[in-house]
Each structure stands twice: as C-alpha cells, then as structure tokens.
Amino acid sequence: MTNQEQGSRLYLLSIVLVAIIGGLLFGYDTAVVSGAEKALENFFQEGLGDLYTSGWHGFTASSALLGCVIGGAISGLLASRFGRKRSLLIAAVLFFISALGSWCPESGILPYGEASETLLVVFNFYRILGGVGVGLASAVCPMYIAEISPAKIRGTLVSCNQFAIIFGMLVVYFVNYMIRSSLGDTSEAIQTAMNAIGWRRMFVSEAFPAGLFGVLVLFIPETPRFLALRGCDDKAYSILTHINGPAEARTILDNIKATVHEKRERLFAYGTAVVVIGVLLSFFQQAVGINVVLYYAPRIFENMGATGNASMVQTVVMGVVNIIFTVVAIFTVDKMGRKPLLIIGSAGMMIGMIALAALSFTDSIGLAALIFIIIYTASFMMSWGPICWVLIAEIFPNTIRSQAVAIAVAAQWISNFLVSATFPSLSAWSVGGTYCLYALMSQLSALFVWRWVPETKGKTLEEMSELWRNR
C-alpha cells in the first residue's frame, strides 16, 4: 500500500475513514429522532396538555432540519476562514453538545423530568445545534474528501461518505431497537420507560461516535488545496507527497497554484451556470421524494398492512438494500462516470414511483408496493444519493468551492424541509397524485443531467476552472 514514489494509499484511506465518520453522524443524527419521537410526544403532552399541539410536535420532531439549513449556509464561511479540518472539529463539538443537551435538556437548572414550555424550547435549541452540525458536516465532509483524494479515485472515496450516512441511519435503527428492548418485558412497561428515560438514552447514544470523531479529527491534516490557497505551499506539498508521491505532488501543487490567483473573491467569477447547476443538483436530489420514503417508511409500510415489528423489519430490509446499492455506486462511479449513473437512477426512480402511484389508485397494496419501493430507493442509492454529493464536492473551481458548496448544501436542506413538510398535505389530497409528482421530478432530473451537467470523471479539481471558463 505504501510506495515512496507513488504515495501511501493506507495514509489516504485512514484520513478518509476519519472524515466519513462525519457522514455517519449526519445519518445518525437525522434518524435518531425516528425511534424517540412518539415517546417525546407523550412526555411533553403529559406535562403541557393541550399546549403541546400537533404543530409543536411536528416542529420538535423536525427542528434539526432548521439547524441543517443554518449549518449548510455558514459552512462556506467557516471552511474558507478556519479551514476544512477545523470546520469538521466544530461539527464534532456541535454533535457532542447536542447529544448531551437532548439527553438532559434540564441542564441541572430546570426540574428534572418535568415537561414545561421552557424545557421544550431548550430541547429544540439542542436539536437545532445538532442540525447545524449535520449541515456543516454535509458540506465539509465531501469537500474535505474531494480535496484530499487523487482524481482517479475521488468519486469512489466521496461516495463512501454517502455509504457512511446510510450506515449511520441503519446503526441508529438498531441502537434504538436495543434501547427500547432493554426497558422492560411488556409493551406497557416499555412504553412507560420510553416516556421517562428511553428517548433520553437514544439521543445521548450519539455522544460516543461524536466524541470519537472529535478526537480523531485532531490527527488528520488540513487539505492541500486550502493550504495552498493560504500560501502554505510546503505543508501542502508534504501532504500531497504522502498521498501521491513526490513527482505527482509537485505537478498537482503547480496546478493548484495556477488557480489560486484567478478571481479568487467573486462567487460568479466563472459565470452563474456553475452555481445554478450546483443548486439544481441539490434541488432534484430532494424533489424526487427520497426523504419522504425514508422518513415515513414505517408509516408507509403500516398503511400497506404491516403491523407491530413487521413494519420495523421492512424498514430495516429497506436500509440494507440502501447500503447494498450505495456500494454499487462506490464501485462504478469512477468507471461509468457521473452522468450515466444519474440518468439510470432517475429512470429507475420514475418507474418505481409510477408503479406506486398505479397501486395506490387501484388500492392494490401489499408485496408489490414493497418491491417498487425497493426499486425506487435502490435506484436513488446507486445514483443521486452518493453522486450528487460527489458532484457538489468536485464541480466547483478551487477559488469559489467553499462558497458555492455552502449555497448548494443550504439549497438541499431547504428543499428537504419543503418536500418533507408538504408530504402530509399532498398525501391527504391524493397519495397516488403525490407519487406521480415525484415521478415527474425524476423524469425532469434525468433531462436536467443530460442537458446541463458536465461529466467530471477523471478530471482534477484544477481542471474545473478550465471546464467552466470554456462553457
């Protein structure tokens, strides 16, 4: 794995493995609430009564998304001012504080276990903090991996971040299940314990991976692109040499330096198209409805007739399928390219959603619905799930990357919130009609990629400047 002339792949992989823990925490934090939200509702309703409305519960269950928008929006400022490494450290601290605060929002000041309006506000504050960490990690983790990776395997390594996100979700599903199972022998005892301490344990479980992430980030280097932009050429060359070998490191550093002085201040130095395409990539990744399926999976399966643990089992099955097809993307993105996989994925999602719409209109729910949900999610996970992040991390020129990534990621979280928030109203209007809308968005996403998105397979990050200058 190590060759003085070619660099050390082991060194590179160790750095990437640390960075993708941020992706794991991204998935962990966004999914942990799924096991705790019902107990949270019971806890606050017992203390607040009618004051804790369904609107308040909806906000409490999704307040982290508000933080995600904030974290995504400020990621560019933090990444450009403090660097990619320090931004990851900030995200780790936010994850850790959020986990502890959500576990005990009383903070030693408010009466323990007594739900109040103040406690509700404090709890949501800690969840929003965690969301800021998610938004920050969602932008900086793929950016860090892209800037540290050789061009020929960059897509594969950035795709590993998506694998970590999905794996983090699957891990927290099992953690939540284990916590719930440990609370009692009967369903009544378990529910009573969940209302008292179960939801707290679910949230605090995140503190362990968050603490590990924070410690490990201290030992990874800053990215050579950021160091070169700051004039630290010797440090940048040293890191590039460890990864690529001395000869290639010198070539890469010279290419980086050639882009450092190119209109470094202006976001639209390369025109508006590059920023608009980044935003639309983010928009379509959410507009196809993926998070509706992920967030509402247990409810969808219950509506299909699954009861009790059966809906959770089907959710876990879907999670395993997600991981398998994310691995497919990891092993094909640098061989097939970004555009073909995105277009194939869009076609698969459109087929899945059209079939689900037809089944809904005819009230033919059952195994067929499960199969087409799996087709839909598998198509997303082998394409738009990881590859959207690959493109966002690599498509922007060096001198505007941190700013442009921040805008694209903020757009993604805003789209996530809008799609997730409108699903209940749309499904009340027509479930089949809602699926048709997502099918239309899948078709539009394919047309968008085919017409507007450039192929970036095998290109260095420095070549992105030339690519957009010539368009």
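1. A friendly place to start is a buried pair: arginine 154 is buried, and glutamate 394 is buried as well. Please keep in mind that this is a predicted model. The two residues form a salt bridge, with 2.7 Å between the closest N and O atoms. This pair joins distant parts of the chain, since arginine 154 sits in helix 5 (residues 154–181) and glutamate 394 in helix 17, 240 residues apart.

2. The pair also has company. Arg154 and Glu394 belong to a network of salt bridges that also takes in Asp334 and Arg338. Across the structure there are nine salt bridges.

3. Two of the network's residues turn up again where helices meet. Arg338 is one of the helix 15 residues, along with Leu341, Leu342, Ser346 and Met349, that meet a set in helix 17 made up of Trp384, Ile387, Val390, Leu391 and Glu394. The axes of helix 15 and helix 17 (residues 384–394) come within 10 Å and cross at roughly 145 degrees. The crossing of helix 15 and helix 17 is left-handed.

4. You may want to look at lysine 339, which is found in helix 15 (residues 338–361). Does it have a charged partner, or is it without one? Lysine 339 is buried but has no salt bridge, and glutamate 455, the nearest side chain of opposite charge, is 6.8 Å away. That distance lies outside the 4 Å cut-off for a salt bridge. Instead, the lysine 339 side chain reaches the backbone oxygen of valine 453 at 3.0 Å. Beyond its neighbours within four places in sequence, the contacts of lysine 339 are Val449, Trp450, Val453, Pro454 and Glu455.

5. Another salt bridge pairs glutamate 106 with arginine 200, at 2.7 Å from N to O. Glutamate 106 lies in the loop between helix 3 (84–103) and helix 4 (117–148), while arginine 200 is in helix 6 (residues 187–204), so the pair ties together parts 94 residues apart in sequence. Glutamate 106 counts as buried at 2% relative accessibility, and arginine 200 is buried too, with a relative accessible area of 1%.

6. Finally, here is a pair within one helix. Lysine 38 and glutamate 41 are both in helix 1 (residues 9–48), three residues apart, which is about one turn of the helix. They form a salt bridge whose closest N and O atoms are 3.5 Å apart. Is each partner buried or partly exposed? Lysine 38 is partly exposed, with a relative accessible area of 47%, whereas glutamate 41 counts as buried at 17% relative accessibility.

Terms used:
Residues are numbered from 1 along each chain as its sequence is written. This is a predicted model: local features need pLDDT of at least 70, side-chain atom pairs count only at pLDDT 80 or more; totals for chains, interfaces and linings use all residues. Side-chain values use heavy atoms; hydrogens and water are left out. Helices (H or I, at least four residues) and strands (E, at least two) are DSSP runs, numbered from the N terminus. Buried means under 20% relative accessible area, exposed over 50%, partly exposed in between (1.4 Å probe, protein chains only). Lys and Arg count as positive and Asp and Glu as negative; His and the chain ends are not counted. A polar contact is a pair of N or O atoms within 3.5 Å; within protein, one must be able to donate a hydrogen and the other to accept it, and residues adjacent in sequence count only if both atoms are side-chain atoms. Contact means heavy atoms within 4.5 Å. Axes are lines fitted to C-alpha atoms, for helices over the stretch in contact, and angles run from 0 to 180 degrees between N-to-C directions. A crossing is left-handed if the near helix is turned anticlockwise from the far one by less than a right angle, and right-handed if clockwise.
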